[in-house]
Amino acid sequence: MAFEIIDGVLIKYYEEILEREVTIPDNVTVIGENAFAECMIIRSVVIPDSVEKIGNGAFQRCINLESVTFGNGVKEIDRYAFWKCYNLEDVVIPDGVLSIGESAFEGCMGLMTATIPDSVVIIGDCAFESCTSLRYIIIPSSVEELGYCVFRDCYKLDMACFCYGAKVVETMMFADCSNLRTVFLPDSITEIADYAFADCTSLRSVTIPD
């Protein structure tokens, strides 16, 4: 495997023709900006506990990437980190992650499940937009800041549950989720913003607090 690593930052991965499974070395603390961008051959990535940050666009457009195993040291998933990884199927974000950046998983059309831990405080704009295979989502009580359009155009999404703590359902958060049927909003919610549920044509049940 060919890695360029400087002071713990993985700057660049040089793709080898037969290398479908990638294990990142233990001396890496940051996966740098665009380090694996558009690597077409890789199918799986193992990220060690030493990694604390996955940088901007680190794995964007790795269109054949199917699985990512996150180490327990990750604290930040930066914007566009897995943007348009079309074949990524299941994501278990480890406990300890504080932020999921703007468009981090946008356009991951094969993503069926995404587990968000109680440690996450920020979910950025459009973080899961156009994840068209996603079926349900639970937003934990730790989340204090949710961006706009986070789940827009997730048209197979049929259930969304906010745990106690969230205050606002942001602008266009679930817009065009045409299969969304059930929404649970806890007592902490004080505002439903513009177009939050626009064109949710299958919506049948909404629990709205006092």
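This report covers the fold, the sheet, the aromatic cluster, the salt bridges and a surface patch of a predicted model.

## Overall fold

The protein chain has 19 strands and 0 helices. Its radius of gyration is 17 Å, close to the 17 Å that the globule rule gives for 210 residues, so the chain is as compact as a globular protein of that length. Along the principal axes, the C-alpha atoms fill a box of roughly 55 × 25 × 20 Å. Of the 210 residues, 50% count as buried.

## The eight-stranded sheet

Strands of a sheet pair through backbone hydrogen bonds, either parallel or antiparallel. Here, 8 strands make an open sheet with mixed pairing. Their order is β1-β2-β4-β6-β8-β10-β12-β14. The edges are β1 (2-6) and β14 (145-146), and each pairs on one side only.

The β1 end can be followed residue by residue. β1 and β2 (residues 9-14) pair in the antiparallel sense over 5 bridges. Isoleucine 6 stands opposite valine 9 of β2. Isoleucine 5 has leucine 10 of β2 as its bridge partner. The two strands form a hairpin with 2 residues between them. In that turn, aspartate 7 has a positive phi of about 50°.

The next pairing runs in the parallel sense: β2 and β4 (residues 30-31) share 2 bridges. Leucine 10 appears here too, opposite isoleucine 31 in β4.

## Aromatic cluster

A search of the whole structure finds 12 aromatic pairs. The rings of phenylalanine 105 and phenylalanine 128 have centres 5.3 Å apart and planes at 5°, so this pair is stacked. It links distant parts of the chain, 23 residues apart. Phenylalanine 105 sits in the loop between β10 (99-100) and β11 (113-115). Phenylalanine 128 sits in the loop between β12 (122-123) and β13 (136-139). Both residues are buried.

Phenylalanine 128 also pairs with phenylalanine 151. Their ring centres are 5.7 Å apart and their planes are at 10°, so this pair is stacked as well. Phenylalanine 151 is in the loop between β14 and β15 (159-162), 23 residues from phenylalanine 128. Phenylalanine 151 is buried, and so is phenylalanine 128. These three phenylalanines belong to one aromatic cluster. Its other members are Phe3, Tyr13, Phe36, Phe59, Phe70, Phe82, Phe162, Phe174 and Phe197.

## Salt bridges between loops

Side chains of opposite charge can pair when their charged atoms come close. The model holds 4 salt bridges. One of them joins glutamate 38 to arginine 61, with the closest N and O atoms 4.0 Å apart. Glutamate 38 lies in the loop between β4 and β5 (44-46). Arginine 61 lies in the loop between β6 (53-54) and β7 (67-69), and the two are 23 residues apart. Glutamate 38 is partly exposed, with a relative accessible area of 45%. Arginine 61 is partly exposed too, at 26%.

Another salt bridge joins aspartate 158 to arginine 135, at 3.2 Å between the closest N and O atoms. Aspartate 158 is in the loop between β14 and β15 and arginine 135 in the loop between β12 and β13, so the pair ties together parts 23 residues apart in sequence. At 23% relative accessibility, aspartate 158 counts as partly exposed. Arginine 135 is also partly exposed, with a value of 40%. Arginine 152 and aspartate 176 meet in a further salt bridge, 3.5 Å from N to O. Arginine 152 lies in the loop between β14 and β15 and aspartate 176 in the loop between β16 (168-169) and β17 (182-184), so this contact spans 24 residues in sequence. Arginine 152 is partly exposed at 26% relative accessibility. Aspartate 176 is likewise partly exposed, with a relative accessible area of 26%.

## Nonpolar surface patch

Ile192, Val206 and Ile208 form a nonpolar patch on the surface. Together they have about 250 Å² of accessible area. Isoleucine 208 is found in the segment after β19 (205-207). Its relative accessible area is 56%, over the 50% cut-off, so isoleucine 208 counts as exposed.

Terms used
Residues numbered from 1 in each chain as written. Predicted model: local features only at pLDDT ≥ 70, side-chain atom pairs only at ≥ 80, totals over all residues. Heavy atoms only, no water. Pairing = 2+ DSSP bridges. Helix = DSSP H or I, 4+ residues; strand = E, 2+ residues; numbered from the N terminus. Patch = residues over 30% accessible without salt bridge, like charges linked within 9 Å, V, L, I, M, F, W, Y side chains within 5 Å. Areas by Shrake-Rupley, 256 points an atom, 1.4 Å probe, with all protein chains shown as cover. Salt bridge = Lys/Arg side-chain N within 4 Å of Asp/Glu carboxyl O. Buried < 20%, exposed > 50% of the residue type's maximum accessible area, 1.4 Å probe, protein only. Phe/Tyr/Trp six-rings, centres within 6.5 Å; stacked < 30°, edge-to-face > 60°. Rg over C-alpha atoms; globule rule 2.2 N^0.38 Å.
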